[in-house]
Amino acid sequence: MSQRAEKAGVVMKRNYLIVVIALAIAVVGAAPTSTPAKSGTDTAAVKGTVKLEGALPTPARINMSSDPACARQHSTAVLAEEIVADKNGDLQNVVVFVAEGLADRTFEVPAQPAVIEQKGCVYQPHVLAFRVNQKLQVLNNDACTHNIHPQPANNREWNKAQVAGSTVEETFPREEVGIPLKCNVHPWMRAYLAVFKHPYFAVTGKDGSFDLSNLPPGTYTISAWHEKLGTATQKITVGSNETKTLQFVFKSRAGS
Ligand SMILES: [Cu+2]
């Protein structure tokens with residue numbers, strides 16, 4: 001088996017495990033709870049948190065010595081952002097989104113661009129979610145040349161050299177979650193993109209929370225995607241003017 005196929009097999013098994021865990025949690029103790037929403041709106045909301053259960057892996061230190069222009073921009077160690085969580089297990093950089101349930105509804109594409117920045121030879125943010133056909137602006141706020149190279153599975157791959165101070169603009173015409181973004185000049189640079197046909201998505205921040213508000217009432221499949229921990233999925237029904245809470249739990253494999 002090729003290394004890639006073997007890796008895909010591992011990822012599939014891991015994803016399966018996470019789905020099983022998520023389902024078990026949904027059945028056993030973390031059934032969605034309901035709280036009344038504010039009156040005056042005819043919309044539903046799904047809110048909640050994403051947690052990492054178990055030991056937090058020690059993040060790797062990034063070695064930028066191959067490009068002093070990058071290294072000298074940092075006075076402290078730069079850590080890999082593969083798994084970022086706080087001491088309470090609040091898990092950052094998880095894309096939580098409506099995977100199913102919106103039927104054929106269509107939504108206007110936002111006029112303002114989604115923006116990702118290259119600064120200190122690191123992508124900011126590490127995970128960016130935006131809309132199909134929405135402009136993606138890639139900024140180079142470094143004094144060196146980068147090479148911006150997304151590697152999608154469902155969209156066209158492109159690859160552009162980007163001199164200091166310049167901006168690249170592109171769009172993605174198809175939905176896709178977890179597009180790796182890399183720089184061919186600096187091997188440590190890594191970000192992930194998620195592209196949606198609808199506006200019901202969020203990327204968890206430091207507190208691990210997400211908020212999918214202004215949903216039409218209905219039954220939805222909600223997914224949570226993490227670059228290393230895979231995808232967890234839960235089903236939920238929300239009524240008019242109702243807010244429901246969901247929790248996703250990913251198992252840490254640190255120390256195992
Ligand atoms: Cu670069």
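Asn214 is part of strand S14, which covers residues 209-215, in what is a predicted model. Although Asn214 is not a glycine, its phi is positive, at about 60°. Asn214 counts as exposed because it has 12 C-beta neighbours inside 10 Å, and 12 or fewer is the range set for an exposed residue. A distant part of the chain comes close to this position: Thr43 stands 171 residues away from Asn214 along the chain, yet the C-alpha atoms of the two are separated by 5.1 Å.

Asn133 also has a positive phi, of about 65°, and again the residue is not a glycine. Asn133 is placed in the loop between S6 and S7. With 13 C-beta neighbours inside 10 Å, Asn133 counts as partly exposed, because the exposed class ends at 12 and the buried class begins at 20. The table sets the two asparagines side by side.

| Residue | Phi | C-beta neighbours inside 10 Å |
|---|---|---|
| Asn214 | about 60° | 12 |
| Asn133 | about 65° | 13 |

Another backbone feature concerns a proline. The peptide bond that leads from Gln124 to Pro125 is cis, with an omega near 0°, and Pro125 itself belongs to the loop between S5 and strand S6, the latter made of residues 127-131.

The protein as a whole contains two helices and 17 strands. One group of four strands makes an open sheet in the order S5-S4-S7-S10, and the pairing within this sheet is mixed. Its edges are strand S5, residues 122-124, and strand S10, residues 167-170, each of which pairs on one side only. On average, and with direction ignored, neighbouring strands of this sheet are turned by 20° against each other.

Within that sheet, strand S4, residues 114-119, runs parallel to S7 and is joined to S7 by five bridges; one of the positions involved is Ala114, whose bridge partner in S7 is Leu136. Strand S7, residues 136-140, is also joined to S10, in this case by four bridges and in an antiparallel arrangement. Gln137 has Glu169 of S10 as its bridge partner, while Leu139 stands opposite Thr167, also in S10. Which residues of S7 make up its covered face, and which its uncovered one? Leu136, Val138 and Asn140 are on the covered face, whereas Gln137 and Leu139 are on the uncovered face. The pairing with S10 described above therefore involves Gln137 and Leu139, both of which belong to the uncovered face of S7.

A further open sheet is formed by five strands in the order S6-S12-S11-S8-S9, again with mixed pairing. Here S6 and strand S9, residues 160-162, are the edge strands, and each of them pairs on one side only. Neighbouring strands of this sheet are turned by 30° against each other on average, direction ignored. Inside the sheet, strand S8, residues 146-150, and strand S11, residues 176-183, run antiparallel and are joined by three bridges, with His149 standing opposite Lys182 of S11.

Turning to the interior, 31% of the 256 residues of the protein count as buried. The largest nonpolar core holds 54 residues, and those with the most contacts inside this core are Val96, Phe97, Leu212 and Ile222. Which residues does Leu212 touch, not counting those up to four places away in sequence? Leu212 touches Ala45, Val46, Val96, Val98, Tyr200 and Ala202, and one of these, Val96, is itself named among the core residues with the most contacts. Across the protein, of the contacts between residues at least 6 apart in sequence, 68% join residues at least 24 apart.

The confidence of the prediction varies along the chain. The average pLDDT of the protein is 88, and 83% of the residues score at least 70. Over residues 1-13, however, the pLDDT is below 50, and this stretch has two contacts in the model beyond near neighbours in sequence. Residues 16-40 likewise have a pLDDT below 50, but this second stretch has 33 contacts in the model beyond near neighbours in sequence.

Terms used:
Residues are numbered from 1 along each chain as its sequence is written. This is a predicted model: local features need pLDDT of at least 70, side-chain atom pairs count only at pLDDT 80 or more; totals for chains, interfaces and linings use all residues. Two strands pair if DSSP finds at least two bridges between them. Axes are lines fitted to C-alpha atoms, for helices over the stretch in contact, and angles run from 0 to 180 degrees between N-to-C directions. A nonpolar core is a set of buried Ala, Val, Leu, Ile, Met, Phe, Trp, Tyr and Cys residues joined through C-beta atoms within 7 Å. Two residues are in contact if their C-beta atoms, placed from the backbone, lie within 7 Å. pLDDT is the predictor's confidence in each residue, from 0 to 100.
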